[in-house]
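Welcome, and take a moment to look around before reading on. The report below walks through the folded chain piece by piece.

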Amino acid sequence: MKTITKKEIQKIANIYYFGLDDEFLDAVYNDFCKFLNNLEVLNTINTDNVEQTDYCTNQSYNQLRKDVPEIVKDPEEFTKNAKRKSQKYILVK
């Protein structure tokens, strides 16, 4: 597996506007190297006879509460601080 250098991590951080001082760069580098090593271990596991799944459990629904739609009585109250809106809707693009 390809390794990464501190210089490459610094370059990625600069692209996404993360300021990394030398101490934090060392910590990120060490953590990322551990992550890559863990991926290497996972790549050695034989999964030939393992059936693919989409969910971790057999329950693909919200277990916390029933999803009940509610009618908002005053939508302007929720949009009054929005920078961009159209009627009672917040514009996101």
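A salt bridge, as the term is used here, is a side-chain nitrogen of Lys or Arg within 4 Å of a carboxyl oxygen of Asp or Glu. By this rule the count comes to two salt bridges. The model is a predicted one, where local features need pLDDT of at least 70 and side-chain atom pairs count only at pLDDT 80 or more, while totals for chains, interfaces and linings use all residues. Residues are numbered from 1 along each chain as its sequence is written, and side-chain values use heavy atoms, with hydrogens and water left out.

**The salt bridges**

Here are the two pairs side by side.

| Lys residue | Partner | Closest N and O atoms |
|---|---|---|
| Lys 6 | Asp 26 | 2.6 Å |
| Lys 80 | Glu 77 | 3.2 Å |

What does the pair of Lys 6 and Asp 26 tie together? Lys 6 lies in helix α1 and Asp 26 in helix α2, so this salt bridge links parts that are 20 residues apart in sequence. To describe how open such residues are, we call a residue buried under 20% relative accessible area, exposed over 50%, and partly exposed in between (1.4 Å probe, protein chains only). Lys 6 is partly exposed at 36% relative accessibility, and Asp 26 is partly exposed as well, at 32%. In the other salt bridge, Glu 77 is partly exposed with a relative accessible area of 43%.

**The overall layout**

Helices (H or I, at least four residues) and strands (E, at least two) are DSSP runs, numbered from the N terminus. The protein has three helices and two strands, and starting at the N terminus the order is α-α-α-β-β. Of the 93 residues in the protein, 8% are buried. The accessible surface (Shrake-Rupley method with a 1.4 Å probe; for residues, only the protein chains shown count as cover) comes to about 9500 Å², and 54% of that belongs to carbon and sulfur atoms.

A contact means heavy atoms within 4.5 Å. Among the contacts with a separation of 6 or more, 25% are between residues 24 or more positions apart.

**The core between two helices**

A nonpolar core is a set of buried Ala, Val, Leu, Ile, Met, Phe, Trp, Tyr and Cys residues joined through side-chain atoms within 4.5 Å. Which residues make up the largest one? There are six: Ile 4, Ile 9, Ala 13, Leu 20, Leu 25 and Leu 36. Helices α1 (6-15) and α2 (22-43) each supply at least two residues of this core. In soluble globular proteins, nonpolar side chains tend to be buried together.

Leu 20 is a good member to look at. Leaving out residues up to four places away in sequence, Leu 20 touches Ile 9, Gln 10, Ala 13, Leu 25 and Val 28.

**An aromatic pair in α2**

Rings of Phe, Tyr and Trp (its six-membered ring) pair if their centres lie within 6.5 Å; planes under 30 degrees apart count as stacked, over 60 as edge-to-face and the rest as tilted. The structure holds one aromatic pair. Its rings belong to Phe 32 and Phe 35, with centres 5.8 Å apart and planes at 40°, so the pair is tilted. These two residues are three apart in helix α2, a separation of about one helical turn. Phe 32 is partly exposed at 32% relative accessibility, and Phe 35 is partly exposed at 42%.

**Around the end of α1**

Ile 15 lies in helix α1. Tyr 17 is found in the loop between α1 and α2. Its phi is near 60°, a positive value in a residue other than glycine. Most residues other than glycine have a negative phi. Is Tyr 17 buried or exposed? At 77% relative accessibility, Tyr 17 counts as exposed.

**Toward the C terminus**

Thr 79 lies in helix α3 (residues 75-79) and is buried, with a relative accessible area of 3%. Beyond its neighbours up to four places away in sequence, Thr 79 touches Lys 85, Lys 88, Tyr 89 and Ile 90.

Leu 91 sits in the segment after β2 (89-90) and is partly exposed at 36% relative accessibility. Apart from neighbours within four places in sequence, Leu 91 is in contact with Arg 84, Lys 85 and Ser 86. Leu 91 and Thr 79 are twelve residues apart in sequence and 9.8 Å apart in space, C-alpha to C-alpha.
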